[in-house]
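The following exercises concern helix packing and enclosed space in one protein model. Each task is followed by a solution in steps.

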Amino acid sequence: MKNNSLIFSSCILLIIQLSIYLSGLSSFIFKILFIATELLIVYLLFQNSYKKINKMEIIEQNISEDDEIHEKLFVVSETLGFNIHQLSWLSQDNITAFNNLVTISYQIKELSEQNTASMQETNSKINQLASTSEELDQNINNIESQSIQSYAMLNQNLDTMNSIGEFLKDFRQVINMAVKDNTELQNSSKKINTIVDYIKSISKQTNLLALNASIEAARAGEAGKGFSIVAVEIQKLSNEIDISIAKIDSTLKEILDGIKNSNDTMDIYEDKISKVDDISKKSAEVIGKIETIVNNIRNSVTQIKNMSGRQSDLAREIDSTTEFVTSAVEQTNNIICDSIDMINVQQNKNNEINTYFNKLTEVSEDLQTITVKSKKENEIIFGINPFTSPENIKNMYLPVLNKVCKNIGYKARTVIVKNYDAINQGINDGVIDVGWFSPFAYVNARKNSNVIPIATPKVGGKTTYNGYIVVRKDSGIKRLSDLKNKRFGYVDVNSASGYLYARNIFKSNNLNPDKIFDKVTFMGNHDNVIKGVLSGELDGGATYNEAIEGLKTKGFPINDLKIIESIENIPKDAIAVSSKISDTIIEQLKNSFINFKPNGTLNTPIQGFNENRDEIYDVVRKIM
């Protein structure tokens, strides 16, 4: 529009010049007007030229500013992407830790409720204990009184036993005297027996004499009648004497038998008395020992009485203290309940924050997608899933990609995505040029996007790694079968060691990975799996050696882990290029990766790269 105005103005001036020339004005005036119009035309042309030159400078300046804005936009979107993913990573860690805190808080609440109930029961028991202690103290007082009485009774029994001993001694003397008298009586009876025998002899002779007298009286006839009567009387007397002697003899025999029986009885009594005496002495000894024991019991009862008194006092103090503790526990339980309510509120806030972080992540990914669409010919877009923390990827892996691209005159631009599927989708959409894939994710990407593998990283001198099934050492889990009805953590469904190989090893041990566990959780990355096992959120998890070593360098208690199964020689990650990239760039990029040598300025576990081939991952396909 400005150019048209300038042409129109110039045309007007030329018309004015022609009119002046045709008007016949003096040459002087004509020259002056002509020069003035020419100067005006020159001025206008100069102005136009100046504006054009100025516009060209502005255009060149705008081109430089566009480059700067392009660079800043990439840096900002990349930095924003990493920072938001890092915040999301930390947020997820925070939520995981907070969920553990929630679990622990509910456990504390449950224990607190149990403690409250236990304290109430304990308080009741202690009240009973205090009452029982008082009863016990009273019983001990009764026992002390009874022990004193028992001691006195034992003394009386001991005196009685001593009296019995004296009585038995006297009784033995009486028996000995009776035995002696019986002996003397027996001797006297024997003497009487001798006299009786003598009388028997006299009686026989008298009887014989009476018989002879009767015979002689009979011979004498009448003259002997009187003598015959005397003889008869003598005969009667002799018979009576015989009868009396027979009675005396029978009586003496009874007396002798009685004396013998009495002596036998006395012997038995003597033996019994000896035994009773022994028993009495032993009883006295036993009573003496019992007296000592009872005396010790008295002393012990006295001590117990003192202890019981102190126990009663202590029970009353405990009763009072327990009431205070019970009240404190109830208050603590109320505080814990209030804390649980606040924790639930905070948990909802955390989940809400995490939701917004996810939305920010989506916005960041959209921003990166928009940004990479303005990429230049000398830029290569890499897509990376946060297999470790985004901060680690930024510090350890991005410098490697930057150096690899710089060596072939390109700039590395990085898009961090939420999962491996997003890399695959980005390649299909033409947003991502090169993806850093896990073995399993590469196989899927090869199938869905026909990506071309060019390199695989070398760590610890190997291009393979080991997958692990890990548990805590103190969990009591020693073998895979011990994980039955436990909580298990995978990384995600596109992880080789964190899912595919782990499931395969369970199947190889005749365990169904879809049924063996009580709960399965996808933790999103290897670090979260390991942290979940360490914190007790998980009973077991699937991960790999480099993740464990990485967390060990950060000070995590890796020694608390126990590896119960391992999978060796899993092919490492695949760096694969979109088939839309030119063969020349693919070849240059591959050679740059293979020729990469880390230097001292790079803080990375990667020691280099080997050329990669698709058939390396046939072992993954076989397991799939």
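On a 1 Å grid over the protein atoms alone, a cavity is a set of points where a 1.4 Å probe fits but cannot get out, and a pocket is an open set with protein on both sides within 12 Å along at least five of seven lines; lining residues have an atom within 4 Å of a point. A volume is the space filled by probe spheres set on the points, with grid points joined across faces, edges and corners. The model is predicted, so local features need pLDDT of at least 70 and side-chain atom pairs count only at pLDDT 80 or more, while totals for chains, interfaces and linings use all residues. Residues are numbered from 1 along each chain as its sequence is written, and side-chain values use heavy atoms, with hydrogens and water left out.

**Exercise 1. Cavities**

Task: State the volume of the largest cavity and describe its lining.

Solution. Step 1: the count comes to three cavities of 30 Å³ or more. Step 2: the volume of the largest cavity is about 220 Å³. Step 3: its lining has 21 residues, of which F387, Y420, H526, Y544 and D573 are the closest to its centre. Step 4: this lining divides into 10 nonpolar, seven polar and four charged residues; Ala, Val, Leu, Ile, Met, Phe, Trp, Tyr, Cys and Pro count as nonpolar, Asp, Glu, Lys and Arg as charged, and the others, Gly among them, as polar.

Task: Which elements each supply at least two residues of the lining of the second largest cavity?

Solution. Step 1: the second largest cavity holds about 40 Å³ of space. Step 2: the residues that line it are F74, S77, E78, Q368, T371, V372, R413, T414 and V415. Step 3: α2 (27-220), α3 (225-372) and β2 (411-416) each supply at least two of the lining residues; helices (H or I, at least four residues) and strands (E, at least two) are DSSP runs, numbered from the N terminus.

**Exercise 2. Helices α8 and α9**

Task: Determine how α8 and α9 are oriented to each other.

Solution. Step 1: the axes of α8 (residues 526-535) and α9 (residues 545-553) come within 9 Å and cross at roughly 70°. Axes are lines fitted to C-alpha atoms, for helices over the stretch in contact, and angles run from 0 to 180 degrees between N-to-C directions. Step 2: α8 is therefore roughly perpendicular to α9, since angles under 35 degrees count as roughly parallel, over 145 as roughly antiparallel, 65 to 115 as roughly perpendicular and the rest as oblique. Step 3: H526, D527, I530 and K531 of α8 and A547, I548 and L551 of α9 make the contact (heavy atoms within 4.5 Å). Step 4: by class, four of these residues are nonpolar, one is polar and two are charged.

**Exercise 3. Helices α4 and α10**

Task: Classify the angle between α4 and α10.

Solution. Step 1: the axes of α4 and helix α10 (residues 583-594) come within 9 Å and cross at roughly 125°. Step 2: the two helices are therefore oblique to each other. Step 3: L401, V404 and C405 of α4 meet L589, S592 and F593 of α10 in the contact.

**Exercise 4. The second largest pocket**

Task: Which helix gives the largest share of the lining of the second largest pocket?

Solution. Step 1: the space in this pocket is about 380 Å³. Step 2: of its 19 lining residues, M396, E546, E549, G550 and P605 are the closest to the centre. Step 3: α4 (390-406), α8 and α9 each supply at least two residues of the lining. Step 4: the largest share, six residues, comes from α9.
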